[in-house]
Amino acid sequence: MSESDRSRADRPYMAEALRLARQGRFTTDPNPRVGCVLVRDGQVVGRGWHARAGEPHAERHALAEAGEAARGATCYVTLEPCSHTGRTGPCADALVAAGVTRVVAAMADPNPQVAGQGLARLREAGIEVECGLLENEARALNPGFIRRMETGRPYVRIKLAASLDGRTAMASGESQWITGPAAREDVQQLRAASSAIITGSGTVLADAPALTVRPESWVQATYPVLPVRQPLRVVADRQLRTPAQAPVVTGPGGALLLCAPEATRGAQLEALRRAGAEVLGGDWHPEAILLELGRRGCNEVLVESGPTLAGAFLAAGCADELIVYLAPVLLGDAARPLLHLPGLEHMADKIALTLIDLRQVGDDVRLTLRLT
């Protein structure tokens, strides 16, 4: 069989591994989403996907399903098998012990603890190894894990909802609801896939958002056995104005408030800590926020805020995607703008975007744009 024929024969099995990996979209954090398929004599003998950090990796699930049928099989896996011992043992060693004769990986692991060592261990054991099949699709599964391993910061999406004339709220601040129920349900999936959600104290005071994945949402209903973890809620609050009873503090999951050093004292600080919030003082510009979240193992971050904080992340070059929901309504000149981006005076200053997805969500339109 020629190399091109073999690649064509391999593609359906890797596509199945990618499909399995996507099942971990809302649960694997801070680990990557990984799927694995074991094939022997043209038959799938084992399937697996990584569900949650600390639990068996995809390869081990597939090996357990295959049993003795794994001997002589080909392993299709969306990420290089690990070679280090963390909360589970090295998957490369498990594949060797099971008698797998060929491993096809979609991509090398960007984790410096692995970074080619898993593939090298397999080759040393006499296993045929190939890497790169459907790599773009595999990388698209884990943009945050890859970004964090390579740069120390998470992948950042900014979510915005606006009228057709680019307005996000009336002059009074009234903003509920610009978009329809289908768009708001769609946002639940963005939240569930995120390690953390960042907002500002102005949004907290004006709208009292919970920034949680609702229990009645499609996401939670789809994962009743393996509950979706709640993202960390992060409030940029220089003066520590967030009330201790605010839903962003008291809701399920953790809350982190980032304030100026001089605000880390007094009754308000103690009230927030009693309510369960963590408070950190510092110089919290966007890059510093992201590096702190990267240290905490956050892979993907969603910014749900007002136009000032969202604009600050864009202006600082700290955004990777914009997700904009446009509603078929007009709010007029007095309404609040989509973004505050001061300092853009010439065409050469414009921020370039690439449209990567456009679709209708209920009565609204969702645009996904990548920063270029």
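Two strands are taken to pair if DSSP finds at least two bridges between them. The model described here is predicted. Within it, nine strands form an open sheet of mixed pairing, in the order E11-E10-E9-E8-E12-E6-E13-E16-E15. Strand E11 (278-281) and strand E15 (353-361) are the edge strands, and each pairs on one side only. From one strand to the next, the twist averages 20°.

Strand E6 has E12 and E13 as its neighbours in the strand order. With strand E12 (residues 300-303), strand E6 (residues 155-163) pairs in the parallel sense over four bridges. Tyr 155 has Glu 300 as its bridge partner in E12, and Arg 157 has Leu 302 as its bridge partner in that strand. The pairing of E6 with strand E13 (residues 321-327) is also in the parallel sense and runs over seven bridges. Here the bridge partner of Arg 157 is Glu 321. Arg 157 thus has a bridge partner in E12 and another in E13. Eight of the nine residues of E6 are buried, so the strand is largely enclosed by the rest of the structure.

The loop between helix H12 (286-295) and E12 contains Asn 299. This residue is buried, with a relative accessible area of 5%. Apart from neighbours within four places in sequence, Asn 299 is in contact with Asp 29, Pro 30, Asn 31, Gly 144, Phe 145, Arg 148, Pro 154, Tyr 155 and Ser 195. One of these contacts, Tyr 155, is the residue of E6 that bridges to Glu 300.

Helix H11 (residues 267-274) has Leu 269, Ala 271 and Leu 272 buried. These three residues lie on the same side of H11, because they cover an arc of only 165° around the axis. Ala 267 and Arg 274, on the other side of the helix, are exposed. Helix H10 (247-250), strand E10 (255-259) and E11 are the elements against which the buried residues of H11 pack. Gly 276, which follows H11, has a positive phi, near 105°.

The largest nonpolar core has 39 residues, and those with the most contacts inside it are Met 14, Leu 38, Leu 63, Cys 75, Val 103 and Leu 122. Two or more residues each are given to this core by helix H1 (3-21), strand E1 (35-40), helix H2 (58-66), strand E3 (74-77), helix H3 (91-98), strand E4 (102-105), helix H4 (117-124) and helix H5 (135-141). H1 gives the most, with five residues. Leaving out residues up to four places away in sequence, Leu 38 touches Gln 43, Val 44, Val 45, Gly 46, Ala 62, Leu 63, Ala 66, Ala 70, Thr 74, Cys 75 and Val 100. Among them, Leu 63 and Cys 75 also belong to the core residues with the most contacts.

The structure holds zero disulfides. The cysteine sulfur closest to that of Cys 75 belongs to Cys 36 and is 3.5 Å away, too far for a bond, since the cut-off for a disulfide is a pair of sulfur atoms within 2.5 Å. Cys 75 counts as buried, at 0% relative accessibility. Cys 131 is likewise in no disulfide, and the nearest cysteine sulfur, that of Cys 75, is 12 Å away. With a relative accessible area of 39%, Cys 131 is partly exposed.

Terms used
Residues are numbered from 1 along each chain as its sequence is written. This is a predicted model: local features need pLDDT of at least 70, side-chain atom pairs count only at pLDDT 80 or more; totals for chains, interfaces and linings use all residues. Side-chain values use heavy atoms; hydrogens and water are left out. Buried means under 20% relative accessible area, exposed over 50%, partly exposed in between (1.4 Å probe, protein chains only). Axes are lines fitted to C-alpha atoms, for helices over the stretch in contact, and angles run from 0 to 180 degrees between N-to-C directions. Contact means heavy atoms within 4.5 Å. The arc is that of the directions from the helix axis to the C-beta atoms. A nonpolar core is a set of buried Ala, Val, Leu, Ile, Met, Phe, Trp, Tyr and Cys residues joined through side-chain atoms within 4.5 Å.
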